[in-house]
Amino acid sequence: EEHAHTGSTMGKHTKKVHITGKYGTRYGASLRKQIKKIEITQHAKYTCSFCGKDSVKRQAVGIWKCNGCRKVMAGGAYTMNTPAAATVRSNIRRLREMAEH
């Protein structure tokens, strides 16, 4: 079915800018590409380590809330877990295992 005003059947979708289409031609391609990665991770749903549901969403900078069990967790600004936190966790586990033996 033809649209009267545009004369095309194409929908209004972006080819490769996706979530950063809202910025239009502003800020430069490289910055928009970086922002795209950040915004995708911050808007994604994460798995809750307490109830196992895929319903943890970002509330504010570093605050993540599970809509399944209503638990609130501290995390990274744009992702639930940061690489630094993962390192700390593995070091703690390693030291704990060494202390046990």
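Contacts between residues 24 or more positions apart make up 12% of the contacts in the chain with a separation of 6 or more. This value, like the others below, comes from a predicted model. Along the sequence, the elements follow the pattern α-β-β-β-α, which amounts to 2 helices and 3 strands. Of the 101 residues, 14% count as buried. The chain exposes about 8200 Å², and carbon and sulfur atoms supply 56% of that area.

Charged side chains come next. How many salt bridges does the chain hold? The count comes to 1 salt bridge. Its partners are glutamate 39 and lysine 22, whose side chains meet with a distance of 3.3 Å from N to O. The pair links distant parts of the chain, since glutamate 39 belongs to helix α1 (residues 29-43) while lysine 22 sits in the segment before α1, 17 residues apart. Is glutamate 39 buried or exposed? Its relative accessible area is 9%, and buried means under 20%, so glutamate 39 counts as buried.

The aromatic rings add a second set of pairings, and here the count comes to 2 aromatic pairs. In one of them, the ring centres of tyrosine 23 and tyrosine 27 lie 5.7 Å apart, with the ring planes at 80°. Why is this pair called edge-to-face? Planes over 60 degrees apart count as edge-to-face, and the planes of tyrosine 23 and tyrosine 27 stand at 80°, so the pair fits that description. Tyrosine 23 has 21% relative accessibility and counts as partly exposed, whereas tyrosine 27, at 55%, counts as exposed.

Tyrosine 46 and tryptophan 64 also form an aromatic pair, with ring centres 5.2 Å apart. Their planes are at 85°, so this pair is edge-to-face too. Here the partners come from distant parts of the chain: tyrosine 46 is in the loop between α1 and β1 (56-60), and tryptophan 64 is in strand β2 (residues 63-66), 18 residues apart. Both tyrosine 46 and tryptophan 64 are buried.

One further arrangement brings a charge and a ring together. Which residue lies over the face of phenylalanine 50? The residue is lysine 71, at 5.1 Å from the ring centre of phenylalanine 50.

How values were computed. Residues numbered from 1 in each chain as written. Predicted model: local features only at pLDDT ≥ 70, side-chain atom pairs only at ≥ 80, totals over all residues. Heavy atoms only, no water. Helix = DSSP H or I, 4+ residues; strand = E, 2+ residues; numbered from the N terminus. Buried < 20%, exposed > 50% of the residue type's maximum accessible area, 1.4 Å probe, protein only. Contact = heavy atoms within 4.5 Å. Areas by Shrake-Rupley, 256 points an atom, 1.4 Å probe, with all protein chains shown as cover. Salt bridge = Lys/Arg side-chain N within 4 Å of Asp/Glu carboxyl O. Phe/Tyr/Trp six-rings, centres within 6.5 Å; stacked < 30°, edge-to-face > 60°. Lys NZ or Arg CZ within 6 Å of the ring centre and 35° of its normal.
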